[in-house]
Amino acid sequence: MALPRSLQPGLSPDELTFLTEDDVIDIVPLFSMTRVRLLSGIYGPFTPPSAASVPLWLALSLKRRRKCRVVPPAWLAAEPLQQLLQAERENQDGFEELPRRFIETAKVLLDVAPDDLASPSLLRSLLKDLREVRQAKVRNGLQSEGVMRGSYLQVTNLTPLELAELKPFLVKAMGMMQAFERVEDEDE
């Protein structure tokens, strides 16, 4: 079945968040259970206070039922985020490398498991600052000479969500730039 034109350009932020939920994360179960066989794999055993690795969707489901504590990824703490923010500000030529689904994972964990994170309000603030710095770099990149000539835009190390947000604009802008080039070529 073909998708309507409005759905063809790429994945929506909600779809990217859904894909993120297949990523593996550690939890500390608050219940005891042997291994569980699911379609996506075999998980467990679940014995407190030992950590268990499960997909994010399962961790969120257990967290909502108050059956576990989520162990946040190492990068989702104040100090690593401050270092990343500083490095992002200092790197004027490109983007710092982030975990693949950085934004989506952080948002889901801050929404569902803020009590398992140290200083969630500080983390939200740092993530917002990091996102704003990266968006400013994208805006500056869009105004660069290379883009104005229709040749390239540096997108190395952008996350899938950032690319998805940028893609509709870029496709339309690059199409317009190519149309202008064709008109200029015909005039010569």
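The following chat goes through a predicted model of a protein, from its overall layout to a few single residues.

User: Before the details, how many helices and strands does the protein have?

Analyst: The predicted model has 7 helices and 5 strands, and along the sequence these elements follow the pattern α-β-β-β-β-α-β-α-α-α-α-α.

User: And what share of the residues is buried?

Analyst: Of the 188 residues in the protein, 35% are buried. As for contacts with a separation of 6 or more, 67% of them are accounted for by residues 24 or more positions apart.

User: Let's look at the sheet. What is the order of its strands?

Analyst: The order is β4-β1-β5, an open sheet formed by 3 strands with antiparallel pairing. The edge strands, each pairing on one side only, are β4 (52-55) and β5 (68-71). On average, and with direction ignored, neighbouring strands of this sheet are turned by 45° against each other.

User: How many bridges are there between β1 and β4?

Analyst: Strand β1, which covers residues 24-29, pairs with β4 over 4 bridges in the antiparallel sense, and Val-24 has Pro-55 in β4 as its bridge partner.

User: Which strands does α2 touch when packing on that sheet?

Analyst: Helix α2 touches β1, β4 and β5 as it packs on the sheet, and its direction makes about 105° with that of β4.

User: Is α2 itself largely enclosed or exposed?

Analyst: It is largely enclosed by the rest of the structure, because 7 of the 9 residues of α2 are buried. Those buried residues are Leu-56, Leu-58, Ala-59, Leu-60, Ser-61, Leu-62 and Lys-63. After α2 comes Arg-66, whose phi is positive, near 60°.

User: At what angle does α2 pack with α4?

Analyst: Helix α2 (residues 56-64) and helix α4 (residues 102-112) pack at about 10°, and their axes are 11 Å apart. The two helices are therefore roughly parallel to each other, since an angle under 35 degrees counts as such.

User: Which residues meet there?

Analyst: From α2, Leu-56, Leu-60, Lys-63 and Arg-64 meet Val-108, Leu-109 and Val-112 of α4. By class, this contact of α2 with α4 has 5 nonpolar and 2 charged residues, and no polar ones.

User: Switching topic, I noticed Glu-88. Where is it found, and is it buried or exposed?

Analyst: Glu-88 is found in helix α3, which spans residues 78-90. With a relative accessible area of 0%, Glu-88 is buried, because the cut-off for buried is under 20%.

User: What is Glu-88 in contact with, leaving aside its neighbours within four places in sequence?

Analyst: Leaving those neighbours aside, Glu-88 is in contact with Gly-94, Phe-95, Glu-96, Leu-130, Val-133, Arg-134 and Lys-137. Regarding Glu-96, its backbone nitrogen lies 3.2 Å from a polar atom of the Glu-88 side chain. As for Lys-137, which is 49 residues from Glu-88 along the chain, the C-alpha atoms of the two are separated by 9.5 Å.

User: One last residue: which loop holds Thr-156, and how does it count in terms of accessibility?

Analyst: Thr-156 is in the loop between α6 (145-148) and α7 (160-187), and at 46% relative accessibility Thr-156 counts as partly exposed, because that value falls between the buried cut-off of 20% and the exposed cut-off of 50%.

User: How far is the C-alpha atom of Thr-156 from that of Glu-97?

Analyst: They are separated by 8.4 Å, although Thr-156 and Glu-97 are 59 residues apart along the chain.

Key: Residues numbered from 1 in each chain as written. Predicted model: local features only at pLDDT ≥ 70, side-chain atom pairs only at ≥ 80, totals over all residues. Heavy atoms only, no water. Buried < 20%, exposed > 50% of the residue type's maximum accessible area, 1.4 Å probe, protein only. Contact = heavy atoms within 4.5 Å. Polar contact = N/O pair within 3.5 Å; in protein donor to acceptor, adjacent residues only side chain to side chain. Axes fitted to C-alpha atoms, helices over the stretch in contact; angles between N-to-C directions. Parallel < 35°, antiparallel > 145°, perpendicular 65-115°, else oblique. Nonpolar A, V, L, I, M, F, W, Y, C, P; charged D, E, K, R; others polar. Pairing = 2+ DSSP bridges.
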